[in-house]
Amino acid sequence: MSNIPSSSTSGGARVVGGRANYSGPGPEVMAADTLQGDKVVNRQGESLGEIEDIMLDVPSGRVAYAVLSFGGVMGIGDKLFAVPWSALTLDADQKCFVLDVAKDRLKNAPGFDKDHWPSMADTSWATDVHSFYNAQPYWQ
């Protein structure tokens with residue numbers, strides 16, 4: 001997976017592959033629900049979980065975060081992580097997202113459980129999350 005670029009110029013998720021199929025939507029424009037459940041791996045190919053939700057910043061019309069589900073069994077005990085959208089790369093050929101973070105580091109990421117979501121509009125919280133993933137805040 002070393003051919004994946006390390007930065008995005010537009011503030012969105014990068015897209016690699018999938019250029020051969022120009023019929024229908026994707027991979028640049030897609031319905032958000034088609035991405036839910038997609039696997040997330042790191043650059044080493046280790047499974048980090050799957051996309052649980054995609055969070056929109058409604059006033060700006062931007063995708064803010066992908067909520068990553070990690071660590072549980074059959075959906076029970078999963079820890080959730082808000083991952084800045086710009087920290088992800090969509091590998092359209094492999095039909096997964098790539099997040100450049102070691103599995104051990106993700107275990108220590110700021111997370112939450114399904115019954116106790118953070119206030120994602122809180123800029124202090126959001127700044128900490130973007131800093132953890134070395135991502136430019138989407139609102140800047």
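Reader: Why is strand E4 called largely enclosed?

Author: Seven of the nine residues of strand E4 (residues 62-70) are buried, so the rest of the structure largely encloses this strand. Buried means under 20% relative accessible area; exposed means over 50%, and partly exposed lies in between (1.4 Å probe, protein chains only). This is a predicted model: local features need pLDDT of at least 70, side-chain atom pairs count only at pLDDT 80 or more, and totals for chains, interfaces and linings use all residues. Residues are numbered from 1 along each chain as its sequence is written, and side-chain values use heavy atoms, leaving out hydrogens and water.

Reader: What makes E4 a strand, and what makes E3 and E4 a pair?

Author: Strands are DSSP runs (E, at least two residues), as are helices (H or I, at least four), numbered from the N terminus. Two strands pair if DSSP finds at least two bridges between them. Strand E3 (residues 47-57) and E4 have seven bridges, in the antiparallel sense. One bridge sets Glu50 against Ser69 in E4.

Reader: What links E3 to E4 in the chain?

Author: A hairpin, with four residues between the strands. Gly61 in the turn has a positive phi of about 75 degrees.

Reader: How do you know that E4 pairs with E5?

Author: Six bridges join E4 to strand E5 (residues 79-84), and the two run antiparallel. The pairing rule asks for at least two. Val67 has Ala82 in E5 as its bridge partner.

Reader: What makes you say that both faces of E7 are covered?

Author: Strand E7 (residues 96-99) has Cys96 and Val98 on one side, Phe97 and Leu99 on the other. All four are buried.

Reader: Which strands pair with E7, and in what sense?

Author: Strand E2 (residues 39-41) pairs with E7 in the parallel sense, over three bridges. Strand E6 (residues 88-91) is joined to E7 by four bridges, antiparallel. Phe97 is the bridge partner of Val40, and Leu90 also stands opposite Phe97. E6 and E7 form a hairpin with four residues between them. Lys95 in that turn has a positive phi of about 55 degrees.

Reader: Why is His130 called buried?

Author: His130 has a relative accessible area of 1%. The cut-off is under 20%, so the term applies. His130 is found in helix H2 (residues 123-132).

Reader: Which residues does His130 touch?

Author: Contact means heavy atoms within 4.5 Å. Not counting residues up to four places away in sequence, His130 touches Tyr65, Pro84, Ala135, Gln136, Pro137, Tyr138 and Trp139.
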